[in-house]
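User: I've got a model open and I'd like to talk it through before I go back to the bench. Can you take my questions one at a time?

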Number of protein chains: 2
Amino acid sequence: MSTATNSRARARETHIEAIKGVARKLIAEKSVAGLSLREVSREMGLVSSALYRYFATRDELLTALILDAYNDLGRSVERADAKVARADAYGRWKASARAIRRWATKNPHEYALIYGTPIPGYVAPTETIDAAARVARVLGAIMGESRQTSAPSGPRRKKSDVSRYLEVEGLAAIMPGVAPEDYLKALMAWTEIFGFLTFELFGQYVGTVKNASLMFDDVVNELAISLKLKP
Amino acid sequence: MSTATNSRARARETHIEAIKGVARKLIAEKSVAGLSLREVSREMGLVSSALYRYFATRDELLTALILDAYNDLGRSVERADAKVARADAYGRWKASARAIRRWATKNPHEYALIYGTPIPGYVAPTETIDAAARVARVLGAIMGESRQTSAPSGPRRKKSDVSRYLEVEGLAAIMPGVAPEDYLKALMAWTEIFGFLTFELFGQYVGTVKNASLMFDDVVNELAISLKLKP
DNA sequence: AAATTGCAAGAGCACTGCTCTCGCTGTGGA
DNA sequence: TCCACAGCGAGAGCAGTGCTCTTGCAATTT
């Protein structure tokens with residue numbers, strides 16, 4: 001009974017994983033626009049209508065792939081961060097940023113899936129928001145655990161109240177230990193990293209940047225200075 | 001003869017503009033994925049095959065729209081910059097950045113067209129690269145004409161040689177008057193602005209930012225400080 | 001006035017996402 | 001142990017897509 005039930009359910013899981021695997025392969029080959037359910041089914045020796053037992057719609061399959069991509073990226077970054085001594089904020093920052101870029105350049109089409117143009121009538125379910133926060137949480141932890149108490153940075157200018165435009169409760173959960181007046185710089189650094197990768201992967205740097213890898217390291221370094229993560 | 005010839009050619013131009021107009025409308029309504037040549041033709045009271053006299057392929061139509069979008073954005077920013085006194089670098093910077101965001105939020109689908117996921121087998125013709133540089137040139141001019149001679153910024157750290165990874169010749173054309181050791185910060189500011197808009201329009205700020213307009217102003221301000229544009 | 005060229009129409013091909021109906025088969029309850 | 005049921009794959013079919021090719025008309029060029 002339970003084993004029998006499980007075997008059926010397990011078969012279902014296996015099929016779903018197989019479908020996603022083929023879909024990922026096709027996306028890697030021909031980008032997301034070239035992903036067709038019929039081709040997935042052909043590749044699996046199935047008839048197209050059979051796929052609809054597992055994913056009611058193409059968008060549903062894409063949503064599953066998006067979730068996986070977020071989690072895959074998140075896991076990669078978490079691992080890279082974990083390899084560095086906790087106290088070495090700068091080392092953790094550099095390792096994490098490099099892990100993000102490494103994942104993005106290795107999986108450009110999946111990067112496009114999650115950070116590119118949203119799919120048309122698509123509204124991100126809360127699940128994806130959580131998964132998306134995973135990588136942000138790593139960066140947040142690094143900043144929060146940095147021993148640098150946010151020393152007054154140069155001439156003390158009156159900081160505008162960030163609670164006017166930021167969701168401070170949500171941000172406090174993502175980067176505990178970071179002072180609210182540092183939220184803006186943190187978000188800017190996060191934006192800079194992904195803006196860089198988007199520009200690199202989507203071709204906006206053509207004609208201006210000839211070695212994105214080297215530049216990225218310098219950018220990460222500048223951001224570390226701005227975030228006072230450098231020893 | 002010449003008038004007759006011109007009338008024919010003019011009619012052709014008119015038709016092309018009409019097609020692009022309808023296409024733009026459809027994109028605004030249903031995003032780029034929802035743009036179909038057949039629907040454009042239907043909207044124009046034509047049969048679908050007739051459109052192929054003007055655009056050999058769907059991608060060709062998209063390319064034309066991309067070019068128009070770049071130029072439209074470029075023109076908007078140039079105008080905003082032109083309204084501010086030349087010597088007021090900070091004012092020009094703020095006005096230009098706001099013009100970029102204004103255009104982007106008013107034309108989100110066209111923004112996605114040019115800064116979102118590239119269309120599949122598509123390689124940007126040099127034309128689009130030039131058009132894309134138009135807005136970068138405005139920002140470059142502001143920095144180049146700023147009276148601030150790049151004063152040594154705090155503790156003089158040895159700058160890495162940016163010519164290792166940047167196309168310095170190309171950059172010199174875009175931002176004449178800017179010292180090469182400032183290229184990195186300039187590119188980072190450019191990346192930050194468009195990274196911000198991409199995150200805002202593509203929904204990455206959901207749950208963390210509640211008023212992107214206010215935040216943008218603070219970001220632009222921070223960038224101005226980093227670029228030493230503030231008086 | 002004749003020849004050429006530009007154009008819209010229409011049929012048609014290969015493809016897509018998606019629906020529905022039909023049998024087969026393994027599963028869980030009686 | 002048997003039986004009803006649910007899950008599944010197959011197949012046909014609908015409406016839509018980008019794109020091609022041929023045909024005939026009309027405007028332009030010579």
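Analyst: Sure, one definition to begin with: a residue is buried if 20 or more other C-beta atoms lie within 10 Å of its own, exposed if 12 or fewer, and partly exposed in between, with C-beta atoms placed from the backbone. This is a predicted model, where local features need pLDDT of at least 70, side-chain atom pairs count only at pLDDT 80 or more, and totals for chains, interfaces and linings use all residues. Residues are numbered from 1 along each chain as its sequence is written, while chains are lettered from A and ligands numbered from 1 in the order in which they are written.

User: Is B:Ser31 buried or exposed?

Analyst: B:Ser31 sits in the loop between helix H1 (2–30) and helix H2 (37–43) of chain B; helices here are DSSP runs (H or I, at least four residues), as are strands (E, at least two), numbered from the N terminus. Its phi is near 65°, a positive value in a residue other than glycine. B:Ser31 has 20 C-beta neighbours inside 10 Å, so it counts as buried.

User: And which class does A:Lys228 fall into?

Analyst: A:Lys228 is in the segment after helix H10 (212–226) of chain A. A:Lys228 also has a positive phi, near 60°, in a residue other than glycine. Because it has 17 C-beta neighbours inside 10 Å, A:Lys228 counts as partly exposed.

User: Which residues does B:Leu35 touch, leaving out those up to four places away in sequence?

Analyst: B:Leu35 lies in the loop between H1 and H2 of chain B, and with 22 C-beta neighbours inside 10 Å it counts as buried. Two residues are in contact if their C-beta atoms, placed from the backbone, lie within 7 Å. With residues up to four places away left out, the ones B:Leu35 touches are B:Ala23, B:Leu26 and B:Ile27.

User: How many helices are there in chain A?

Analyst: From the N terminus on, its elements run α-α-α-α-α-α-α-α-α-α. Chain A has 0 strands, and its helices number 10.

User: What turn lays chain A on chain B?

Analyst: Copies are superposed by least squares on the C-alpha atoms of residues with pLDDT of at least 70 in both. Chain A goes onto chain B with an RMSD of 0.1 Å and a shift of 0.0 Å along the axis, by a turn of 180°. That's the relation of a two-fold axis.

User: Which residue of chain A has its C-alpha nearest that axis?

Analyst: The C-alpha in question is 2.0 Å from the axis, and in chain A it belongs to A:Gly195.

User: Which element gives the most to the side of chain A that touches chain B?

Analyst: The contact takes 41 residues from chain A and 41 residues from chain B. On the chain A side, the elements giving two or more residues are helix H8 (168–174), helix H9 (183–202) and H10. With 11 residues, the one that gives the most is H9(A).

User: How many of the 20 residues of H9(A) are buried?

Analyst: H9(A) reaches 28 Å from its first C-alpha to its last, close to the 28 Å expected at 1.5 Å a residue; that expected span is 1.5 Å times one less than the number of residues. H9(A) is largely enclosed by the rest of the structure, because the number of its 20 residues that are buried is 18.
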